2 protein chains.
Amino acid sequence: MALLDEEGVGRLTMRRLAERLGTGSTTLYWHVKTKDDVLDLALDAIFAEVGIPQRGAPDWRAGITALISEWRAVLLKHPWSAALLGRPMLGPNVLARSEFLYATLLEAGIADPHLTAAAYGLSNYVIGSALMQTTWPTGEEQAARQATQDHLHANRERYPTLATHGPLVVDGDWDTSFTIGLTWLLDGIQANAATTRGRGRQTERE
Amino acid sequence: MALLDEEGVGRLTMRRLAERLGTGSTTLYWHVKTKDDVLDLALDAIFAEVGIPQRGAPDWRAGITALISEWRAVLLKHPWSAALLGRPMLGPNVLARSEFLYATLLEAGIADPHLTAAAYGLSNYVIGSALMQTTWPTGEEQAARQATQDHLHANRERYPTLATHGPLVVDGDWDTSFTIGLTWLLDGIQANAATTRGRGRQTERE
DNA sequence: ACCTGAACACCGTTCAAGT
DNA sequence: ACCTGAACACCGTTCAAGT
């Protein structure tokens, strides 16, 4: 994990990892079957840092929001992790998080087509957000950032809206954008919880 | 692209690519600076397949939905692509798609904090969905799928909700889940378009 | 039960040299 | 302007051998 945090996934090597651990590289293969196993273990390990809120709180939205926010914070803290999410997540820490998510939504009155959609939707949204944010040229890579801005401005006839309203131009902060989108999702989920219980109808929008 | 589609990103090698092209591996370095460049080019190339709807249609929701659906279809058609989205997307085809997205939202009356949130939210959602769907054990890997189901069932005291309502158990189809979540996002965006124009207020939720 | 060293088949990339 | 071959420094992984 230290190696990953400091140097990124591209520089994680069985040989370098072994060196860090003070052994020969081939020794690792006694404890681990393959390099992919190392990555799977590292990925599940960061989920241990995701604090799981107390179950059964009266305000389910607060609970879900807390979980999703913690999850996002952890993904951003370990920038290599988001890119690794393209592998099945079945470690115990991941499952504990999923259990909370499903249980809370279920108690909130979300029934089954919407339940799956809600769990997927929230997960997809966090993963996509973290992936995009950790990918994008950060403030440090001012050069790359400036280059794309220039490129957009140079081709502003072809991309008029992007050149004036696009990201990297307005650079609103990630947090508020994330919160707004999360609110939209939660509103939708909440509306369908109401549907299940008999109030309102919002699902069909042809 | 053919090599990627057939064998996946893990088997894309400069040497194998060269062989496929009928040259020596080192020849490639005349046309391309590094292997990452190859991946960047491949990634932008698939965006050329994303059909961009006609601009300025009366129903902006239909336009956005069409774009997002096409985008998703292309990502799923090239399963290696979603995992590659963890790199800046600045090719011309990507930019054309972004331009449509921003322009259509802007014309729909979405103003700037919400505009960025909407563009990010939609993009994050498609990317996350495609990544998760292409990652998850497909029907072909029945073994892996069954193994995780068994594991969940064996530990059903610890994961009661997952064991009975989790994914891989109910296996609702991806398409409907995706559509439901997309509807939630669009509803939220639409509500904020109305806000901008003076009707309703939904942004603040304590 | 755990560690080591040598070895294998493969990488991405450079560079002088060819046409 | 484009292609080639040899070469470098590095991979993941195996396996017989040690303790």
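Q: Which helices each supply at least two residues of the surface near DNA strand D?
A: That would be α2 (14-21) of chain A together with α3 (28-31) of chain B. Helices here are DSSP runs of H or I with at least four residues, numbered from the N terminus, and a residue is near a strand if one of its heavy atoms lies within 4 Å of it. Keep in mind that this is a predicted model, where local features need pLDDT of at least 70, side-chain atom pairs count only at pLDDT 80 or more, and totals for chains, interfaces and linings use all residues. Residues are numbered from 1 along each chain as its sequence is written, chains are lettered from A and ligands numbered from 1 in the order in which they are written, and side-chain values use heavy atoms, with hydrogens and water left out.

Q: Which helix gives the most to the surface near DNA strand D?
A: α2(A), with 3 residues.

Q: And which residues come nearest to DNA strand D?
A: Out of 16 residues around DNA strand D, the nearest are A:R15, A:T26, A:T34, B:T26 and B:H31. Of the strand D atoms that come within 4 Å of the protein, sugar and phosphate account for 46%.

Q: What do the side chains of A:R15 and B:T26 sit next to?
A: Bases, in both cases. An N or O atom in the A:R15 side chain is 2.5 Å from a base nitrogen of DNA strand D, and one in the B:T26 side chain is 2.7 Å from a base oxygen of that strand. B:T27 goes to the backbone of the DNA instead, with a polar side-chain atom 3.1 Å from a phosphate oxygen of strand D.

Q: OK, DNA strand C. Which helices each supply at least two residues there?
A: α3 (28-31) of chain A together with α2 (14-21) of chain B. The largest share, 3 residues, comes from α2(B).

Q: Which residues come nearest to strand C?
A: A:T26, A:H31, B:R15, B:T26 and B:T34, out of 16 around DNA strand C. Sugar or phosphate makes up 47% of the strand C atoms within 4 Å of the protein, and the rest belong to bases.

Q: Where do A:G24 and A:T27 meet strand C?
A: At phosphate oxygens: a backbone N or O atom of A:G24 is 3.4 Å from one, and a polar side-chain atom of A:T27 is 3.0 Å from one. B:T13 has a polar side-chain atom 3.2 Å from a sugar or linking oxygen of strand C.

Q: What does UniProt say about residues 13-32 of chain A?
A: An unreviewed entry annotates them as "DNA-binding region". Such annotations may be inferred rather than shown by experiment. In the model that stretch is 60% helix and 0% strand, with its end C-alpha atoms 14 Å apart.

Q: Switching to the protein-protein side: how much area do chain A and chain B bury?
A: About 5,200 Å², with 71% of it on carbon and sulfur atoms. Buried area is the accessible area (1.4 Å probe) that two parts lose on being put together, summed over both. In chain A, A:E99, A:Y120 and A:W184 lose the most, together 14% of what that side buries.

Q: How many residues take part in the contact?
A: 60 from chain A and 60 from chain B, counting heavy atoms within 4.5 Å as contact.

Q: How many salt bridges cross it?
A: 0, by the rule of a Lys or Arg side-chain nitrogen within 4 Å of an Asp or Glu carboxyl oxygen.

How values were computed
Polar contact = N/O pair within 3.5 Å; in protein donor to acceptor, adjacent residues only side chain to side chain.
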